[in-house]
Every structure is written in structure tokens, then in C-alpha cells.
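Here is a brisk report on one protein chain. Look at the sequence and the structure first, then read on.

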Amino acid sequence: MDCEPYRAELVAYCYRMVGSYHEAEDQVQETMLRAWKARDRYDAGRASLRTWLYRIATNVCLTALEGRARRPLPSGLGAPSDDPQAPLAPVFDIPWLQPFPDARVEVGVRADMRLALVAAMQTLPARQRAVLLLREVLEFSAAEVAVQLGTTVPAVNSALQRARAALAEAGETTDVNEVGEPDDPKVREVIERYMRAFEAADVPALVRLLTDDAVLEMPPVPLWYRGSHDYGLFMRRVFDMRGTGWRLRLLTANGQPALAAYAPEPGGGHRLHTLQVFTVTGDRIARNVVFADPAVFEAFDLSPQIIFDTPR
């Protein structure tokens, strides 16, 4: 019984359940361990190996989520700030939602992975979250999901309806077609223009690339901003604080374009500062989620100790 071919998709599933790449890896490891211990009881005539593994993974995730707070983004906790000079005080006792490193999985596994949608999923009760993912994303039948969750088909259908309604109320859907791929030429052009403007510390050029109601948020700092005006004021503050001459490296996260930002060092060179994940709508940037957590850097194989002494 070879379970390894399913590891990557199980990690993606568990990530959407728990909101953390590192925790998802742990849940999949536990899934594989349980599968190995129960291998003698597996009946291929009753369920495919994939279906059986998802049943185990779902139970592992549901157990892990019992009594735990959801993983939010700052925009899910309150109103936007109207003060671009507000103190940047991080809050570490909130289990913030983390991005998913695309390089860890194949392109086909990245459907419905964008940050805003995963954040919205975190607001659902854990069993509703599982039903939504198993039915809508992974396309298991209602009967299969009922077996996986130890419930009935009517209960699965009812949970799916409630989950859909909750996401619609939050302004999110699970339509795969809404996920913009970072290798889309139009998306890449927008991000490359943003990179040039950022490295030149050209705030007006940055603002021109934003939608009018663009969102900027920076976990573990709980405050966030809405609107291109406040976004621009905050970016001016960043350049005043950390200097100009930044270097950027293009990546992808959650099926979205991302940048590793390296701030200039006083003695020369550049040091990793943040990972920024973008949502591009049309030819404008609608959201930028900026991460400064060392655990996030580790997941993306970005060492905070790396210093670039030459231009990109």
C-alpha cells in the first residue's frame, strides 16, 4: 500500500483546514502513521485508497481543531486603521493565518488556495469546512463524505448549504475560475511594474497600480489599511523608516504572485524583511498581505540571515 503519491494533495487539504503549512505537514504525517498502523484493516472493495486517506486526514484535522481559535488575517478582526503612523506592535498570541508555499506542490493542487478564501474558510465550523472542501474542491460524492465524517447524506448536504451561505455572506466563493494564476502575462506585468516602483521607492507609481479600495495587512501586526491613499502614506513611512534601494525576489504563494522583500542594511547589502502575497484584479493590485514571521520564511526556504551585497 503506497500512500506517498497522495502526500502533496493531503498537505494542501490539511492546510486549508488548519491554516498553517507547518501544522498541515504534521497532520499529514499523523495521517500516514495512522494509515500504516491500520493497513491490515483497509478494504479496497469498500473505498479507494485516496478516499480512505482523506477520511483519516479529516479526522486528524478535526481532532486538532477541537477547542482551538481560528487563524485570521488582521482584516478579519476589526475595522481598518485610518492612521498610517499607528504603532506597528506585533501580537504573537493570535494564531495568524499563514501563506502556502506553491513550490511544495504541483500546480493542479493549488485550486481554491488563495489567502482571502482560506481566511474565510477559517470562520466556518470545522466540520462545515471539511464538508465544503471534500465536496466542492475535492469533488467527493455526498455519500463518500458522509462515510468520511461518520454522518448522513442529508447532514452533509445541509452542512454544505450552510457553508456556501456563510462564504457568500463573507464575499467569497469557491469558484476555481476566480483564482488568478501568477504566470498570467497580465498579472506578471502588474507585479513587475510594482517591483520596479518599490525598488525605486516611487510611491506615486505604487499607488497607480492599486485599486481604489486596496487592502494592506501585515500579520502579526493586527492593524490593516483599506484604500490606495492610506496604502501610499504607509509605504512612504516604510521608505522613511527603512531607507530606499530595496531588492525584491519573485515567488508564488497560494496560487498568487508573491515577493520576498529585502531591506537595505546600514552597512551595505540587503536582509530579508518580509514575504508579500498579492491579489491582482484586472490590471490592479487589490490586496497585499505582508508576512514577517520567521516560520513563514522557513516554509518558503527563505533564510532571514541571507544578505545580498549586489543588485538583483
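## Ground rules

A residue is called buried when its relative accessible area is under 20%, exposed when it is over 50%, and partly exposed in between. By that rule, both R287 and E217 are buried. The model is predicted.

## A buried ion pair between strands

R287 and E217 form a salt bridge, with the closest N and O atoms 2.4 Å apart. R287 sits in strand β6 (residues 284-291) and E217 in strand β1 (residues 210-218), so this pair ties together parts that are 70 residues apart in sequence.

## Other salt bridges

How many salt bridges does a search of the whole structure find? The total is 11. Among them is a link between the side chains of E4 and R7, at 2.8 Å from N to O. Both partners keep some solvent access: E4 is partly exposed, with a relative accessible area of 44%, and R7 is partly exposed at 24%.

Another one joins E192 to R188, where the closest N and O atoms are 3.8 Å apart. Both residues belong to helix α8 (residues 185-199). They are 4 residues apart, about one turn of the helix. E192 is partly exposed, at 33% relative accessibility. R188 is also partly exposed, with a relative accessible area of 35%.

## Two domains and their interface

The domain assignment splits the chain into domain 1 (1-68) and domain 2 (69-114 + 176-311). Their C-alpha centres lie 31 Å apart. In the interface, 14 residues of domain 1 are in contact with 19 residues of domain 2. The two domains bury about 1200 Å² between them, and 58% of that is on carbon and sulfur atoms. Which three residues supply more of the area that domain 1 buries against domain 2 than any other three? They are Y15, Y21 and H22, which supply 44% of it.

Polar links cross the interface too. Between domain 1 and domain 2, 7 residue pairs are in polar contact, both residues being at pLDDT 80 or more. On the side of domain 1 that touches domain 2, the elements giving two or more residues are α1 (7-18) and α2 (21-37). Of these, α1 gives the most, with 7 residues.

The count of salt bridges between the domains is 1. R71 forms a salt bridge with E23, and their closest N and O atoms are 2.7 Å apart. Salt bridges that share partners join E23, R68 and R71 into one network.

## Cysteines without disulfides

How many disulfides does a search of the whole structure find? The count is 0. For C3, the closest cysteine sulfur is in C14, 13 Å away, which is too far for a bond. C61 is in no disulfide either; the nearest cysteine sulfur, that of C14, is 3.4 Å away. The cut-off for a disulfide is a pair of cysteine sulfur atoms within 2.5 Å.

Are C3 and C61 buried or exposed? C3 counts as buried, at 10% relative accessibility. C61 is buried as well, with a relative accessible area of 0%.

## F198 and its contacts

F198 is placed in helix α8. The residue is buried, with a relative accessible area of 2%. Setting aside residues up to four places away in sequence, F198 touches L206, M235, F239, W246, L248 and Q276. V280 is 82 residues from F198 along the chain, and the C-alpha atoms of the two are separated by 16 Å.

## Backbone points to check

A cis peptide bond joins P219 and P220, with omega at about 15°. P220 is placed in the loop between β1 and β2 (221-226).

N254 has a positive phi of about 55°, although it is not a glycine. N254 lies in the loop between β3 (247-253) and β4 (256-264). N254 is buried, with a relative accessible area of 0%.

D301 also has a positive phi of about 55° and is not a glycine. Its place is in the loop between α11 (294-299) and β7 (307-308). Unlike N254, which is buried, D301 is exposed, with a relative accessible area of 60%.

Note on methods:
Residues are numbered from 1 along each chain as its sequence is written. Side-chain values use heavy atoms; hydrogens and water are left out. Buried means under 20% relative accessible area, exposed over 50%, partly exposed in between (1.4 Å probe, protein chains only). Domain bounds come from an automatic or database domain assignment. Contact means heavy atoms within 4.5 Å. Buried area is the accessible area (1.4 Å probe) that two parts lose on being put together, summed over both. A salt bridge is a side-chain nitrogen of Lys or Arg within 4 Å of a carboxyl oxygen of Asp or Glu. A polar contact is a pair of N or O atoms within 3.5 Å; within protein, one must be able to donate a hydrogen and the other to accept it, and residues adjacent in sequence count only if both atoms are side-chain atoms.
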